[in-house]
Amino acid sequence: MLMRTTNHNLFPDVFNALFDTTCTATVTPAINIIERENEYTIELAAAGMRREDLHVSLDASGDNLIVNLEHKSESNGEKTEGNKERYLRHEFGYTKFHRTFFLPDNVDRDAITAGAHDGVLTITLPKRVAPQHEARVIEIA
């Protein structure tokens with residue numbers, strides 16, 4: 001008589017080794033850059049991100065706008081005491097993104113604003129108002 005053992009797990013151990021991991025993803029979110037008469041606008045897809053996951057800054061030279069997104073999942077997929085579930089596959093637990101935008105000379109760096117709404121990070125870059133010069137004749141001495 002042949003003895004047969006049965007694995008009562010939903011997936012065999014070889015699959016558990018493959019599925020029981022936490023994945024780190026580097027994403028490249030879609031962006032839109034819009035130019036209007038008085039401003040530029042950068043829209044960046046940030047679905048699932050919270051305000052505290054988003055960081056927008058200027059570098060020390062003031063020439064580059066830096067956008068960082070970093071989101072860490074609340075759970076690391078580990079089974080905890082009293083929790084009768086565990087992840088078999090956990091791929092969206094950590095997301096990181098870094099992008100640098102070179103700013104045109106006509107951007108008013110002191111007036112840049114950012115906001116997040118409905119999964120979109122919107123950065124507004126107002127243009128500096130060019131001084132109006134009147135035509136005049138310059139006398140030759």
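These points concern the core, strand β8, one loop residue and the salt bridges of a predicted model.

1. The largest nonpolar core holds 16 residues, and those touching the most other members are Leu-44, Leu-65, Val-67, Leu-69, Ile-123 and Leu-125. Two or more residues of this core come from each of β3 (39–45), β5 (64–72), β6 (90–102) and β8. Beyond its neighbours within four places in sequence, Val-67 is in contact with eight residues listed as Leu-44, His-55, Phe-97, His-98, Arg-99, Phe-101, Leu-121 and Ile-123.

2. Thr-124 sits in strand β8 (residues 120–126) and, at 18% relative accessibility, counts as buried. Residues up to four places away in sequence aside, Thr-124 touches Glu-39, Tyr-40, Ala-111, Ile-112 and Thr-113.

3. Asp-118, in the loop between β7 (113–117) and β8, has a positive phi, near 55 degrees, although it is not a glycine. Most residues other than glycine have a negative phi. Asp-118 is exposed, its relative accessible area being 70%.

4. Five salt bridges are found in the whole structure. One of them joins the side chains of Lys-127 and Glu-35 at 2.7 Å, N to O; since Lys-127 lies in the segment after β8 and Glu-35 in strand β2 (residues 31–35), this pair ties together parts that are 92 residues apart in sequence. Lys-127 counts as buried at 17% relative accessibility, whereas Glu-35 counts as exposed at 55%.

5. A salt bridge also links Arg-36 and Glu-39, with the closest N and O atoms 3.4 Å apart. For Glu-52 and Arg-50 the corresponding separation is 3.1 Å, and salt bridges with shared partners join Arg-50, Glu-52 and Asp-53 into one network.

Technical notes:
Residues are numbered from 1 along each chain as its sequence is written. This is a predicted model: local features need pLDDT of at least 70, side-chain atom pairs count only at pLDDT 80 or more; totals for chains, interfaces and linings use all residues. Side-chain values use heavy atoms; hydrogens and water are left out. Helices (H or I, at least four residues) and strands (E, at least two) are DSSP runs, numbered from the N terminus. Buried means under 20% relative accessible area, exposed over 50%, partly exposed in between (1.4 Å probe, protein chains only). Contact means heavy atoms within 4.5 Å. A nonpolar core is a set of buried Ala, Val, Leu, Ile, Met, Phe, Trp, Tyr and Cys residues joined through side-chain atoms within 4.5 Å. A salt bridge is a side-chain nitrogen of Lys or Arg within 4 Å of a carboxyl oxygen of Asp or Glu.
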